[in-house]
Amino acid sequence: EQYASTPDKAESVADKLNKSKILDLKKGMGLNQRFLFTNDLFSGDKNAFESTLTKLNSFDSIIEAKAYLSSDIESAFDWDLESSTVVQFISLLERKFI
C-alpha cells in the first residue's frame, strides 16, 4: 500500500510545477520547447519567435496577450489552434498570468 501511493504523489508534484507562475516566457521554457515552438509555430523563424516572446512578456494581462496572438501571429504562421504544440504554448503563456 505504501508504494502504491507513490505515483500519485509524484503526479501531484508535477502538476504543481506545471501550474507554477512564470515571470519570463524566455526563461520559463526548456531548450526542447524552444526548438519545438520555433519550428512548429514560427516556421523556423527564430527572430519572429524571440520578438513574439518579448512582446508577450510586455503585456499586463492574458487578454492582451491572446488578442495579440489572435491578431498578429496565428494567421501569419497559420496556426492550427487544436494542435498539441499550440495548446502547449498557450498553456505556458497562461502560466505567466496566474
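Reader: At what angle do α3 and helix α4 pack?

Author: In this predicted model, local features require pLDDT of at least 70 and side-chain atom pairs pLDDT 80 or more, while totals for chains, interfaces and linings use all residues. Numbering starts from 1 along each chain as its sequence is written, and side-chain values use heavy atoms, without hydrogens and water. Helix α3 (DSSP run of H or I, at least four residues, numbered from the N terminus) covers residues 46-58. Its axis (a line fitted to C-alpha atoms over the stretch in contact) lies 9 Å from that of α4, residues 62-73, and the angle between their N-to-C directions, on a scale from 0 to 180 degrees, is about 150 degrees.

Reader: Which residues of α4 make the contact with α3?

Author: Contact requires heavy atoms within 4.5 Å. From α3, the participants are T52, K55 and L56; from α4, they are A65, Y68, L69 and I73.

Reader: Is T52 buried or exposed?

Author: T52 lies in α3 and, beyond its neighbours within four places in sequence, touches F42, Y68, L69 and I73. Its relative accessibility is 1%, so T52 (cut-off under 20%, with a 1.4 Å probe and protein chains only) counts as buried.

Reader: Which element gives the most residues to the largest nonpolar core?

Author: This core (buried Ala, Val, Leu, Ile, Met, Phe, Trp, Tyr and Cys joined through side-chain atoms within 4.5 Å) has 21 residues, and L56, L69, W79 and F89 have the most contacts inside it. Outside four places in sequence, L56 touches residues including L25, L69, F89 and L93. Two or more core residues come from each of α2 (31-41), α3, α4 and α5 (84-96). With five residues, the element giving the most is α5.

Methods:
Buried < 20%, exposed > 50% of the residue type's maximum accessible area, 1.4 Å probe, protein only.
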